[in-house]
Amino acid sequence: MAKFKKDFLWGGATAANQAEGGYKEGGRGLSIADVLPGGKQRFDIINSEDFNWEIDEDKYKYPNHVAIDHYHRFKEDIKLFAEMGFKVYRFSISWSRIFPKGDELTPNEEGLKFYDQMIDECLKYDIEPVITISHYEMPLYLVTEYNGWTNRKLIEFYERFSKVVLTRYHSKVKYWMTFNEINSAEHFPVMSQGLVNSNGAKDKKNVFQSWHNQFVASARVVKMGHEIDESLQIGAMILYATSYGYNSDPVNQMANLESEQEFNFFCGDVQVRGAYPAYTDRYMAKSGIKLSDLETQPSDFEDIKTGTVDYIGFSYYMSMVADVTNAASESAQGNFIGGAKNPFLKSSEWGWQIDPIGLRIALNELYGRYEKPLFIVENGLGAKDEITSDHQINDDYRIDYLREHINAMADAVSDGVDLMGYTPWGCIDIVSASTGEMSKRYGFIYVDLDNDGNGSMDRYKKKSFDWYKNVIKTNGEEI
Ligand code: BG6
């Protein structure tokens, strides 16, 4: 078995909007996550034509408002992470805690004070914070007033936000990522771009325009970060789903290649290589547009070229199958990025196809393409857990999932891949992004809270807690 580096970054990951709660506290403004209703219908509701970005508490529940109350309980939570031996904790900064509306000139000091404490609490236990600057949220006002990332002004607002946090925390935080799962907008532009059907998601030009603005913003922030402190490592963050052609029919293989380029690689190609890739014209032509149709400035391309990322962070949960010939008998229900059902794989209860070898393939593909360090910043199994009357949670299924994926990582390291670290998703149970459910749990730590917001919020260690503690202690030797 290949050995992970001595300083391998073992840890866990969460995001502000799914963990913190405290949605109106400390001067925080509303974020787009605050108007997303809970439940499996979340995406159908927000994509209905009359969705208007307003909270309707008579009709829906909003689990992100309270989430798991990390805002008040972060000390207790970080203590548990320390007990597992975390080297790093990946979390995000809620933009609307720092700039409540998003377009202000000065930040909200109370919001910053909260992150001062979060960061210091991590450092107290020698846990290095890894920060996602924008994870699936932006101030709601930037959507209702500016139409989200379609508007170039967002570049300036995001730069201002980033400058504040980079300047304040650079001496304490080395690892950063600019946008969570920037490519997810291919399938659901709401989270990262603020676009739903009622404000333009159906017109792909808006998605490409938003991406362009985000590419420029990300590149400028990478450059700014390096000017503030040249030791900072600022990465991209891609949702990666290994993809297979359903069979050896070249038509399916070609479709697979296109889908890989457009979904897995397009954003990374721009952010890592510093230019739009050669297949951009073909990709955009599918939506009837050209790069020259977008609002751009000549300096944008210079920024993109000179603001390339230092590493590639990515999430990996599942693989997908391209089948344009309809050779497969079933589609992958619940595999939220679509495709055919893979007859060789099992799926999670939410239909995500479980594929550890796909992770080894992903690592080889990404490293072969970019030859930059890779960081798996999300991975895990969303599952329903049963808690016994004496608070035991025997989550062997989660241990099995993680063990197989860590084995695949070790295989990829022996393939020559430069892997920096591993932060499994939702290291403490949090609100699901796609469905707003609490019952879709990923954690090593159980949170007593149900889908309707009932529960004590008490934290309990699952069986996987001690298992992961030993994985970290032995640097992945004993899994
Ligand atoms: C990633 C996101 O897509 O997947 C997270 O970055 C999200 O925010 C995670 O929570 C798991 O998805 P879900 O829908 O099961 O919470």
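**View 1. The shell around the ligand mixes six nonpolar, five polar and three charged residues.** The model shown is predicted. In it, 14 residues surround the ligand. Five of these come nearest: Glu181, Ala433, Ser434, Lys440 and Tyr442.

**View 2. Oxygen atoms of the ligand meet polar atoms of the protein.** Start with Ala433. A backbone N or O atom of Ala433 sits 2.7 Å from a ligand oxygen atom. Trp425 uses its side chain: a polar atom there lies 3.0 Å from an oxygen atom of the ligand. Ser432 also contributes a side-chain N or O atom, 3.2 Å from an oxygen atom of the ligand. How much of the ligand does the protein bury? Alone, the ligand would expose 380 Å², and the protein buries 98% of that area.

**View 3. Helix α10 crosses helix α13.** Two packed helices are described by the distance and the angle between their axes. Here α10 spans residues 250-273 and α13 spans residues 356-370. Their axes come within 11 Å and cross at roughly 35 degrees. The crossing is right-handed.

**View 4. Residues of α10 touch residues of α13.** From α10 come Phe265, Gly268, Asp269, Val272 and Arg273. From α13 come Glu365, Leu366, Arg369 and Tyr370. Which classes make up this contact? Four of its residues are nonpolar, one is polar and four are charged.

Conventions:
Residues numbered from 1 in each chain as written. Predicted model: local features only at pLDDT ≥ 70, side-chain atom pairs only at ≥ 80, totals over all residues. Heavy atoms only, no water. Axes fitted to C-alpha atoms, helices over the stretch in contact; angles between N-to-C directions. Helix = DSSP H or I, 4+ residues; strand = E, 2+ residues; numbered from the N terminus. Left-handed = near helix turned anticlockwise from the far one by under 90°. Contact = heavy atoms within 4.5 Å. Nonpolar A, V, L, I, M, F, W, Y, C, P; charged D, E, K, R; others polar. Near = heavy atom within 4 Å. Polar contact = N/O pair within 3.5 Å; in protein donor to acceptor, adjacent residues only side chain to side chain. Areas by Shrake-Rupley, 256 points an atom, 1.4 Å probe, with all protein chains shown as cover.
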